[in-house]
Amino acid sequence: MLYLKETGIKNLSKEELKQKIGKKWWKYSPKVTLYIPANTVINNSRINMKKGNLAIGKKTRYKDMNVQVKGGDIALSSLRISGTAKINTAKGNIAAATLVVPGSLQITTKDGDIAWVGFKVSGNTRINSTNGNIVVRTDKKNFNSLTVTGRTKYGSMLVIGNGKKKASGDGRYYKKNGSGKGKLNITTKYGNILLK
């Protein structure tokens, strides 16, 4: 088990910050970088942050992952998650690129946008935002294999592909059955959805 916690900077006075960090103390941005050996599979990853941005990438591999950020953006790139993943930020945006997820995945933000480029999953995926836009881009083959449900309560929706589209009050609803086992459910209350 590895546990990292940053302390000692938050409650320092301006003079103490100047002494500890130097002349450009106001530009201080705390960072923690963790390097993992190539081909290592992390069995159970739990990341909890109160405030700050989180970037995970560089071809890291996980079995199960649980990410909780109260205030900050999350960027995910070139990950492979074989089991179950939950990624959540209360206030912030989530950006993902080239993730491989054969298991189940849930991505949620209460107040922020979600963008996923190179969407490839074969399991059950849920993408939710209460107050934000959702953009998901995938190739035609992957899109055709997915069973897709999209719903926005007070926004618009643009889906490039076949399926049943209809207005639902002030929002939109979309449903499509796929040829494979993968399922994608996209929901936003006060945002727009772009799926192509």
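**Exercise 1. Tyr190 and its ring partner**

Work out whether Tyr190 is buried, partly exposed or exposed in this predicted model, then classify the aromatic pair that Tyr190 forms with Tyr154.

*Solution.* Start with the surface. Tyr190 has a relative accessible area of 46%. Buried would need under 20% and exposed over 50%, so Tyr190 comes out as partly exposed. Do the same for Tyr154: with 41%, that residue is partly exposed too.

Now the geometry. A pair of aromatic rings is described by the distance of the centres and the angle of the planes. For Tyr154 and Tyr190, the centres are 5.2 Å apart and the planes sit at 10 degrees. Planes under 30 degrees apart count as stacked, so that's our label for this pair.

Last step: find both partners along the chain. Tyr154 is in the loop between strand 14 (147-152) and strand 15 (157-159), while Tyr190 is in the loop between strand 18 (183-188) and strand 19 (193-195). They are 36 residues apart, so the pair links distant parts of the chain.

**Exercise 2. The other ring pair**

How many aromatic pairs does a search of the whole structure find, and how are the rings of Trp116 and Phe119 arranged?

*Solution.* The search turns up two pairs. For Trp116 and Phe119, take the centres: 4.5 Å apart. Then take the planes, which stand at 70 degrees. The cut-off for edge-to-face is over 60, so Trp116 and Phe119 make an edge-to-face pair. As for the surroundings, Trp116 and Phe119 are both buried.

**Exercise 3. A salt bridge**

Which side chains meet in a salt bridge, and at what N to O distance?

*Solution.* There's one salt bridge to look for in the structure. Lys63 and Asp64 form it, at 3.5 Å from N to O. Check the accessibility of each partner: Lys63, at 40%, counts as partly exposed, and Asp64, at 23%, is partly exposed as well.

**Exercise 4. The second largest pocket**

Describe the lining of the second largest pocket by class, and say which element gives the largest share.

*Solution.* First, the space itself: the volume is about 160 Å³. Next, walk round the lining, which includes Thr138, Asp139, Lys140, Phe143, Asn144 and Lys176. Sorted by class, that lining has two nonpolar, four polar and four charged residues. Helix 2 (residues 140-145) gives the largest share, with three residues.

Finally, look at two of the lining residues, Phe143 and Lys176. Lys176 lies over the face of Phe143, 4.8 Å from the ring centre.

Conventions
Residues numbered from 1 in each chain as written. Predicted model: local features only at pLDDT ≥ 70, side-chain atom pairs only at ≥ 80, totals over all residues. Heavy atoms only, no water. 1 Å grid on protein atoms, 1.4 Å probe; cavity = no way out; pocket = protein on both sides within 12 Å on 5 of 7 lines; lining within 4 Å. Points joined across faces, edges and corners; volume = space filled by probe spheres on them. Helix = DSSP H or I, 4+ residues; strand = E, 2+ residues; numbered from the N terminus. Nonpolar A, V, L, I, M, F, W, Y, C, P; charged D, E, K, R; others polar. Salt bridge = Lys/Arg side-chain N within 4 Å of Asp/Glu carboxyl O. Buried < 20%, exposed > 50% of the residue type's maximum accessible area, 1.4 Å probe, protein only. Phe/Tyr/Trp six-rings, centres within 6.5 Å; stacked < 30°, edge-to-face > 60°. Lys NZ or Arg CZ within 6 Å of the ring centre and 35° of its normal.
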